[in-house]
Amino acid sequence: MTDECAREVFVCDDGTEVPASFQCDLFDDCKDGSDEVECFVCDEGGIPNEQVCDGTPDCEDGSDEVGC
């Protein structure tokens, strides 16, 4: 698998794959719910924790960059 393909999928803890856009969308797409673990919840959805305090507002309200 190329790096580009790897970014297009999220590998669940049970080994199944879902589209990367399903990670932190506030819906358990993985049977084990691992796509919703380690997520920051915005008013309009969620983002992976690694995007919090990274200098780029990923939430529409910018809440992921507050208090950094």
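The pLDDT is the predictor's confidence in each residue, on a scale from 0 to 100. The model on display is predicted, and its chain averages a pLDDT of 90, with 90% of the residues scoring at least 70.

**First stop: the whole chain**

Begin with the entire chain selected and colour it by confidence. Among its elements, helix α1, residues 3-8, has the lowest mean pLDDT, at 59. Strand β2, residues 17-19, has the highest, at 97.

Next, switch to a cartoon view. The secondary structure comes to one helix and four strands, and a reading along the sequence gives the pattern α-β-β-β-β.

Then display the surface. The accessible surface of the chain is about 4,600 Å², and 49% of that belongs to carbon and sulfur atoms. Of the 68 residues in the chain, 24% are buried. Among contacts between residues at least 6 apart in sequence, 5% join residues at least 24 apart.

**Second stop: the cysteines**

Select every cysteine and show the side chains as sticks. How many disulfides does the structure hold? There are four disulfides. When the bonded cysteines are numbered in sequence order, the pairing reads 1-3, 2-4, 5-7, 6-8. Three of these links are visited below, with stops at other residues along the way.

**Third stop: C24 and C39**

Select C24 and C39, which are joined by a disulfide with an S to S distance of 2.0 Å. The torsion about this S-S bond is about -75 degrees, so the disulfide is left-handed. C24 belongs to the loop between β2 and β3, whereas C39 belongs to strand β3 (39-42); the pair therefore ties together parts that are 15 residues apart in sequence.

Now compare the surroundings of the two ends. C24 has a relative accessible area of 2% and is buried. C39, at 21% relative accessibility, counts as partly exposed, because the buried class requires a value under 20%.

**Fourth stop: E38**

Move to E38, which is placed in the loop between β2 and β3. Is E38 buried or exposed? Its relative accessibility is 57%, so E38 counts as exposed.

Keep E38 selected and show its surroundings. Neighbours within four places in sequence aside, E38 is in contact with C24, P48 and N49. One of these partners, P48, is 10 residues from E38 in sequence, and their C-alpha atoms are 6.3 Å apart.

**Fifth stop: strands β3 and β4**

Select strands β3 and β4 together. The two strands pair in the antiparallel sense, over four bridges. A hairpin of two residues connects β3 to β4. Within this pairing, C42 stands opposite G45 in β4.

**Sixth stop: C42 and C59**

Stay with C42, whose place is in strand β3, and add C59 to the selection. These two cysteines form a disulfide with their sulfur atoms 1.8 Å apart. The link is left-handed, with -55 degrees about the S-S bond. C42 lies in strand β3 and C59 in the segment after β4 (45-48), so this disulfide ties together parts that are 17 residues apart in sequence.

Both ends may be examined for exposure. C42 is buried, with a relative accessible area of 5%, and C59, at 3% relative accessibility, counts as buried.

Which residues does C42 touch, not counting those up to four places away in sequence? The residues are I47, C59 and S63. Add E60 to the view as well: C42 and E60 are 18 residues apart in sequence, with 7.8 Å between their C-alpha atoms.

**Last stop: C53 and C68**

Finally, select C53 and C68. A disulfide joins them, with an S to S distance of 1.9 Å. The link is left-handed, at -80 degrees about the S-S bond. C53 and C68 each lie in the segment after β4, and the pair links distant parts of the chain, 15 residues apart.

How does the exposure of C53 and C68 read in the viewer? C53 has a relative accessible area of 41% and is partly exposed. C68, at 59% relative accessibility, counts as exposed, because the exposed class begins over 50%.

Note on methods: Residues numbered from 1 in each chain as written. Predicted model: local features only at pLDDT ≥ 70, side-chain atom pairs only at ≥ 80, totals over all residues. Heavy atoms only, no water. Disulfide = S-S within 2.5 Å. Buried < 20%, exposed > 50% of the residue type's maximum accessible area, 1.4 Å probe, protein only. Contact = heavy atoms within 4.5 Å. Areas by Shrake-Rupley, 256 points an atom, 1.4 Å probe, with all protein chains shown as cover. Pairing = 2+ DSSP bridges.
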